[in-house]
Amino acid sequence: MAVNLDPDLLSILVCPKCRSEFRVDDEASELVCTNASCGLAYPVRDDIPVLLIDEARDTRETASTEG
Ligand SMILES: [Zn+2]
C-alpha cells in the first residue's frame, strides 16, 4: 500500500533513534531510516507514521543473533 505522506511532514521527521532522515518504502508502507548503521523501518498506519523504536523493524542484513 502506497504511503501518502505530506512532503512537508516527511521533511521534518527524523529517526527517533539516530536523528537521520527517512526514505519512504511504499511497498512495505514504512519509513526507512537512511542511516545504514541504524536501518530501522517504522510502520505507517492510516498515513500516520508510527515513530516508536519498539514498533520499528531492523532492516539491516546482519546475521547477528546476539541478545
Ligand atoms: Zn535511524
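A residue counts as partly exposed when its count of other C-beta atoms within 10 Å falls between the two cut-offs: 20 or more is buried, 12 or fewer is exposed. Keep that in mind for the first stop, and remember that this is a predicted model.

**Stop 1: Arg 60**

Select Arg 60. It lies in the segment after strand 5 (57-58). Arg 60 has 13 other C-beta atoms within 10 Å, so it is partly exposed. Now add Gly 39 to the selection. The two are 21 residues apart in sequence, yet their C-alpha atoms are 5.5 Å apart in space.

**Stop 2: the whole chain**

Zoom out and show the cartoon. You should find 1 helix and 5 strands. Starting at the N terminus, the order is α-β-β-β-β-β. Colour by burial next. The chain has 67 residues, and 18% of them count as buried. For contacts between residues at least 6 apart in sequence, 17% join residues at least 24 apart.

**Stop 3: Asn 4**

Go to the segment before helix 1 (7-12), where Asn 4 sits. Is Asn 4 buried or exposed? Asn 4 has 11 C-beta neighbours inside 10 Å; a residue with 12 or fewer is exposed, so Asn 4 counts as exposed. Then select Ile 48. Asn 4 and Ile 48 are 44 residues apart in sequence, and 8.9 Å separates their C-alpha atoms.

**Stop 4: Glu 21**

Move along to the loop between helix 1 and strand 1, and pick Glu 21. Glu 21 is partly exposed because it has 14 other C-beta atoms within 10 Å. Which residues does Glu 21 touch, not counting those up to four places away in sequence? They are Val 14 and Thr 34. Add Asn 35 as well. It is 14 residues from Glu 21 in sequence, and the C-alpha to C-alpha distance is 7.7 Å.

**Stop 5: the hairpin of strands 1 and 2**

Select strand 1 (22-25) and strand 2 (30-33). The two strands pair in the antiparallel sense over 4 bridges. Check the partners across the pair. Phe 22 has Cys 33 in strand 2 as its bridge partner. Val 24 stands opposite Leu 31, also in strand 2.

The hairpin has 4 residues between its strands. Pick Ser 29 in the turn. Most residues other than glycine have a negative phi. Ser 29 has a positive one, near 55 degrees. Is the residue buried or partly exposed? Ser 29 has 17 C-beta neighbours inside 10 Å, so it counts as partly exposed.

**Stop 6: from strand 2 to strand 3**

Now keep strand 2 and add strand 3 (40-45). These two also pair in the antiparallel sense, over 3 bridges. Use Glu 30 as a marker: its bridge partner in strand 3 is Pro 43. Strands 2 and 3 form a hairpin with 6 residues between them. Within that hairpin, Gly 39 takes a positive phi near 70 degrees. You met Gly 39 at the first stop, where its C-alpha lay 5.5 Å from that of Arg 60.

**Stop 7: the nonpolar core**

Hide the cartoon and show side chains for the largest nonpolar core. How many residues does this core have? It has 9: Cys 15, Phe 22, Leu 31, Cys 33, Leu 40, Ala 41, Tyr 42, Val 44 and Ala 56. Strand 2 and strand 3 each supply at least two of them. Strand 3 gives the most, with 4 residues.

Centre the view on Tyr 42, one of the core residues. Leave aside its neighbours within four places in sequence. Tyr 42 is then in contact with Glu 30, Leu 31, Pro 49, Val 50, Leu 51, Glu 55 and Ala 56. Leu 31 and Ala 56 belong to the core too.

**Stop 8: Asp 46**

Finish in the loop between strand 3 and strand 4 (48-49), and select Asp 46. Asp 46 is not a glycine, yet its phi is positive, about 55 degrees. How many other C-beta atoms lie within 10 Å of Asp 46? There are 6, so Asp 46 is exposed.

Terms used:
Residues are numbered from 1 along each chain as its sequence is written. This is a predicted model: local features need pLDDT of at least 70, side-chain atom pairs count only at pLDDT 80 or more; totals for chains, interfaces and linings use all residues. Two residues are in contact if their C-beta atoms, placed from the backbone, lie within 7 Å. Two strands pair if DSSP finds at least two bridges between them. A nonpolar core is a set of buried Ala, Val, Leu, Ile, Met, Phe, Trp, Tyr and Cys residues joined through C-beta atoms within 7 Å.
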